[in-house]
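Student: Could you take me through one part of this structure slowly? I would like to see how a single helix sits among its surroundings.

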Amino acid sequence: MSKIFTPTNQIRLTNVAIVRMKKTGKRFEIACYKNKVVSWRNKLEKDIDEVLQTHTVFTNVSKGQVAKKEDLIKSFGTDDQTEICKEILAKGELQVSDKERHLALDSMFKDIATTVADKCVNPESKRPYPVSMIEKAMKDVHFSVKPNRNAKQQALDVIPQLKAVMPLERAQMRLKVTISGKEARKLREKIIKLATKVESENWDNGTLDLICLIDPGQFREIDELVRSETKRTGLLELLNLKEIAEGDEVLE
């Protein structure tokens with residue numbers, strides 16, 4: 001009975017996501033679990049064993065061809081497979097089928113529309129738009145999804161484009177600022193410049209209570225301003241994330 005010869009440098013893997021990288025003219029690949037590569041890159045997944053099917057660097061995953069030690073040292077300066085896998089994970093190109101790419105782009109398109117609907121309102125009614133209406137407007141301005149950028153970044157990019165085809169503005173945050181001491185008046189001027197609207201302002205024995213609306217993008221700057229200039233004695237309260245039109249229901 002003849003023996004079946006199995007090459008020792010071949011490993012068979014199934015249901016894999018392949019990340020590919022070219023270096024010093026050679027191709028290197030790693031075999032990962034599907035849906036884990038993006039989680040790792042977004043720092044949601046921190047356990048490398050949950051991402052890699054095997055701590056092995058290949059020249060061709062589908063054929064099971066393992067990279068030679070001398071090629072790894074020449075290209076990466078080390079033969080530490082795990083460290084090389086991490087570099088390929090960070091800088092390599094994720095290989096996906098046309099169907100998977102199409103589904104991923106579709107999903108991200110919906111995520112971007114949902115983020116815009118969540119962050120913006122109709123300036124006339126102060127009410128949010130349905131996600132379906134945002135999706136239609138995104139198609140009208142021929143917005144194309146960039147798979148290498150996250151949904152939040154792309155939502156912020158598309159808002160100015162959507163303003164050309166529909167009335168749209170960022171939903172405002174309502175803040176209460178309480179500051180006292182000799183710096184209060186100077187700090188008040190700086191906060192008012194960053195606010196879109198001052199709703200109320202009260203002085204009591206040198207202590208200022210200010211309620212204002214701000215664009216969410218200004219929150220960090222105001223927070224740092226109050227912390228640094230009051231040496232952490234100032235108080236910043238977020239009263240609500242969005243300015244909601246009267247009559248709208250608020251679900252607790």
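**A close look at helix α5**

Tutor: Happy to! Let's begin at the end of our helix: α5 is followed by His142, and the phi angle of His142 is positive, near 55 degrees. Keep in mind that this is a predicted model.

Now step back into the helix itself. Helix α5 covers residues 131-140, and its buried residues are Ile134, Glu135, Ala137 and Met138. Where do these buried residues fall when you look down the axis of α5? They lie within an arc of 165 degrees, so they line one face of the helix. Turn to the face that points away from this buried side, and you will find the exposed residues Ser132, Lys136 and Lys139. So α5 has its buried residues along one face because they fall within that arc of 165 degrees.

What covers the buried residues of α5? The cover includes α4, which spans 98-119, and α6, which spans 151-162. With those two helices in view, we can look at the nonpolar core in this part of the model. The largest nonpolar core has 21 residues, and the members that touch the most other members are Ile112, Val116, Ile134, Met138, Phe143, Leu162 and Leu168. Helices α4, α5 and α6 each supply at least two residues of this core. Which helix gives the most to it? That is α4, with six residues. You may recognise Ile134 and Met138 from the buried residues of α5, and both are also on the list of core members with the most partners.

Let's pick out one residue from α4. Val116 lies in that helix. Is Val116 buried or exposed? Its relative accessible area is 0%, and buried means under 20%, so Val116 counts as buried. Setting aside neighbours within four places in sequence, Val116 is in contact with Ile134, Ala155, Val158, Ile159, Leu162 and Leu168. One of these partners, Ile134, is a buried residue of α5. To get a feel for distances here, find Val116 and Ala151: they are 35 residues apart along the chain, and their C-alpha atoms are separated by 9.6 Å.

Next, look at Phe143. Apart from neighbours within four places in sequence, Phe143 is in contact with Phe109, Ile112, Met138, Gln154, Val158 and Gln161. Val158 is worth finding on your screen, as Phe143 touches it and Val116 touches it too. Met138 is another contact of Phe143, and it brings us back to the buried side of α5.

One more residue helps with the surroundings. Arg170 is found in strand β7, residues 169-170. With a relative accessible area of 16%, Arg170 is buried, because buried means under 20%. Leaving out neighbours within four places in sequence, the contacts of Arg170 are Lys119, Cys120, Leu156, Ile159, Asp215, Pro216 and Gly217. Ile159 is among them, and Ile159 is also a contact of Val116.

Now let's compare this with another part of the chain. Besides the core around α5, α4 and α6, a second, separate core of 18 residues includes Phe28, Ile48, Leu72 and Phe76. How many aromatic pairs does a search of the whole structure find? It finds one. The pair is formed by Phe28 and Phe76 and is edge-to-face, with 5.1 Å centre to centre and 65 degrees between the planes. It links distant parts of the chain, with Phe28 in strand β2 (residues 26-33) and Phe76 in helix α2 (residues 69-76), 48 residues apart. Phe28 is buried, with a relative accessible area of 1%, and Phe76 counts as buried at 12% relative accessibility. Ile48, which belongs to this second core, is also touched by Trp40, a residue of helix α1 (residues 36-41).

To finish, let's place α5 in the whole chain. The secondary structure comes to eight helices and eleven strands. Buried residues make up 35% of the 252 residues. Among contacts with a separation of 6 or more, 64% are between residues 24 or more positions apart. When you go back to the model, try starting at His142, just after α5, and then find the buried face of the helix with Ile134, Glu135, Ala137 and Met138.

Terms used: Residues are numbered from 1 along each chain as its sequence is written. This is a predicted model: local features need pLDDT of at least 70, side-chain atom pairs count only at pLDDT 80 or more; totals for chains, interfaces and linings use all residues. Side-chain values use heavy atoms; hydrogens and water are left out. Helices (H or I, at least four residues) and strands (E, at least two) are DSSP runs, numbered from the N terminus. Buried means under 20% relative accessible area, exposed over 50%, partly exposed in between (1.4 Å probe, protein chains only). Contact means heavy atoms within 4.5 Å. Rings of Phe, Tyr and Trp (its six-membered ring) pair if their centres lie within 6.5 Å; planes under 30 degrees apart count as stacked, over 60 as edge-to-face and the rest as tilted. The arc is that of the directions from the helix axis to the C-beta atoms. A nonpolar core is a set of buried Ala, Val, Leu, Ile, Met, Phe, Trp, Tyr and Cys residues joined through side-chain atoms within 4.5 Å.
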